[in-house]
Amino acid sequence: MPNEDREKWNAKYSQREFAVCEPSPLLVELDDLLPRYGRALDIAGGAGRHAIWLAQRGLDVTIADISEMGLKCACSRAADAGVSIRTLLVDLETEPFPQGPWDLIVSVCYLWRPLFRTFPAALKPGGILVVVQPTRGNLSRHEKPPAQYLLDDGELPNLVEGLEIVRYHEGWLDGQHHEARLVAWRPTDDSAPRST
């Protein structure tokens, strides 16, 4: 990721009102499916809205993000919420993927396609991947995010080779944004498939 992107996100996170506090509604909807203990990785988690919620549920959470300001904000918010999180300043497009294995990987509104090849090995057997990402269909109503940050319509299920899809939905899911939402898991040798 170019240095200007780091600067852009640092500038945005320095404006505290920019940083959303509530977790993605999809994560909340998945409450019964997500683990309550173990290691979780929040990819490009910024100011910690997902990481804090996951830590409150009992997970040992690491946020991997390019923005120092986002990670500082996340630590401050976590302390205010009475939970502990780990932060990792990393450019996921040029540096090694955070060392697992992970019980849960969450990626909300961050697209770097090569990461999908990394996910199966980074997850523990039985580990879960959650992805929420706008698609090109979103451009019919919104100029942002631009096309390079959007999945092709119907693309996401093909990116998770080596994982079993548990849930997948795509469309105008909140009435405002055209998104693909996926939950997948790394099967274990001795486990039956999860129901969708």
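Which residue in β2 stands opposite A40? Here are some notes to help you find your way to that residue and beyond, bearing in mind that this is a predicted model.

1. The residue in β2 facing A40 is V61. Their strands, β1 (residues 39-43) and β2 (residues 60-65), run parallel and are joined by five bridges.

2. Now step back to the whole sheet. The sheet is open and has seven strands, ordered β3-β2-β1-β4-β5-β7-β6, with mixed pairing. At its edges you will find β3 (86-89) and β6 (164-172); each has a single partner strand, so one side of each lacks a neighbour in the sheet. From one strand to the next, the twist averages 15 degrees.

3. Two helices are worth a look alongside the strands. Helix α4 (residues 68-81) lies across β2 and β3, and runs at about 175 degrees to β3. Helix α5 (residues 115-122) packs on the sheet, where it touches β1, β4 (102-108) and β5, and its direction makes about 150 degrees with that of β5.

4. Next, please visit T135, in the loop between β5 (123-134) and α6 (156-159). T135 counts as buried because its relative accessibility is 0%, and the cut-off for buried is under 20%.

5. The side chain of T135 has two polar partners to look for. One polar contact, of 2.5 Å, links it to the side chain of H178; another, of 2.8 Å, links the side chain of T135 to that of D153. Setting aside neighbours within four places in sequence, the residues in contact with T135 also include L150, L151, E170, E179 and A180.

Methods. Residues are numbered from 1 along each chain as its sequence is written. This is a predicted model: local features need pLDDT of at least 70, side-chain atom pairs count only at pLDDT 80 or more; totals for chains, interfaces and linings use all residues. Side-chain values use heavy atoms; hydrogens and water are left out. Helices (H or I, at least four residues) and strands (E, at least two) are DSSP runs, numbered from the N terminus. Buried means under 20% relative accessible area, exposed over 50%, partly exposed in between (1.4 Å probe, protein chains only). A polar contact is a pair of N or O atoms within 3.5 Å; within protein, one must be able to donate a hydrogen and the other to accept it, and residues adjacent in sequence count only if both atoms are side-chain atoms. Contact means heavy atoms within 4.5 Å. Two strands pair if DSSP finds at least two bridges between them. Axes are lines fitted to C-alpha atoms, for helices over the stretch in contact, and angles run from 0 to 180 degrees between N-to-C directions.
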